[in-house]
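Colleague: I should like to learn how to read burial and strand pairing in a model of this kind. Could we begin with the terms and then turn to the case at hand?

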Amino acid sequence: MAGILAGKSALVTGGASGIGRATALAMAREGARVAVADRTEESAAATVALINQAGGQAIAIGADVTREAEVAAMVARAVAAFGRIDCAFNNAGVGGASVGPGGQRLHELSQASFDTMQAINLTGVFLCMKHEIVRMLEQGGGSIVNTASVAGLIGLPTSSHYVAAKHGVVGLTKTAAMEYAKDNIRVNCVNPGYVTTPMTEAAVAVRLDAMMAKVPMGRMGEPQEIAEGVVWMLSDRASFMTGASHVIDGGYYAA
Ligand SMILES: NC(=O)c1ccc[n+]([C@@H]2O[C@H](COP(=O)([O-])OP(=O)(O)OC[C@H]3O[C@@H](n4cnc5c(N)ncnc54)[C@H](O)[C@@H]3O)[C@@H](O)[C@H]2O)c1
């Protein structure tokens, strides 16, 4: 397929749902062969089926990003299938409701909630970057985008564990960008605002108006609107961009 990722091999984590699925589809539309990873191979396979139906080429991989051995095997499997990893989108993540009761201020959070959040949303990104970069150094370059959040740039009451993890992703991104700039590896992050995915479903059901009051455009984003920016950042069109936090949020961060 022709497109801005023509001839590239790509890997996306959290590819079974939401922003990851939309980005996997956009990568394929732009010409990439896509390794779609998620917690289980079965869940990733549904995205692969959509890519194949549209005439693209993809494989499904099951890997929990908190487990280094599984991350290493994920990268090895993508390389075995496509020969290299030119573009990596480290996007797997969870919201507060997945690790505890939700709505808790810092003094109410359990250590288990805090630790699980860091394990998935921060350590998971570290492990993926680590193994992808080994491969990218061997092959002479590559491009990485990590999913942070507007919460990687500002505070968000009752989400201190999520905010800490996402600020961490911004820091990992900046530092890796500096460390590998001379190795032809670009590292950026995307910072979405509120996007319509399963992660935001419960919050939307109970406090959509309060959420939208913070967004100048006054609406949720769609996963495809994040995917467009990610695909561009991963492509050679963004050749001078590294270490950046790219906000896509309907104006939330500017307000
Ligand atoms: N939806 C939003 O409003 C929003 C805003 C800012 C940032 N984000 C971030 O975007 C990313 C994608 O979220 P989404 O909204 O598409 O949610 P989603 O729930 O639709 O998708 C997240 C995917 O990550 C996978 N995942 C979770 N833990 C994993 C693990 N340990 N190993 C492998 N895969 C795992 C899930 O199975 C799921 O398929 C997350 O990092 C999230 O923090 C989302």
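Modeller: A residue is called buried when its relative accessible area is under 20%. Please bear in mind that this is a predicted model.

Colleague: Is Thr13 buried or exposed?

Modeller: Thr13 has a relative accessible area of 3%, so this residue is buried. Thr13 belongs to strand 1, residues 9-13.

Colleague: Which residues is Thr13 in contact with, leaving aside its neighbours within four places in sequence?

Modeller: Its contacts are Ala37, Val65, Met74, Phe89, Asn90, Asn91, Ala92 and Cys128.

Colleague: How should one read the two sides of a strand?

Modeller: In a regular strand, side chains alternate between the two faces of the sheet. Strand 6, residues 185-192, serves as the case here, and eight of its eight residues are buried. One side carries Ile185, Val187, Cys189 and Asn191, while the other carries Arg186, Asn188, Val190 and Pro192; both faces are covered.

Colleague: In what sense do strand 5 and strand 6 pair, and over how many bridges?

Modeller: Strand 5, residues 142-147, pairs with strand 6 in the parallel sense, over six bridges. Within this pairing, Thr147 has Val190 of strand 6 as its bridge partner. Between strand 5 and strand 6 the chain passes through helix 5, residues 160-180, in a right-handed β-α-β crossover.

Colleague: How many bridges join strand 6 to strand 7?

Modeller: Four bridges join strand 6 to strand 7, residues 245-248, and these two strands run parallel. Pro192 has Ile248 in strand 7 as its bridge partner.

Methods. Residues numbered from 1 in each chain as written. Predicted model: local features only at pLDDT ≥ 70, side-chain atom pairs only at ≥ 80, totals over all residues. Heavy atoms only, no water. Buried < 20%, exposed > 50% of the residue type's maximum accessible area, 1.4 Å probe, protein only. Pairing = 2+ DSSP bridges. Right-handed = clockwise from strand over helix to strand, strands pointing away. Contact = heavy atoms within 4.5 Å.
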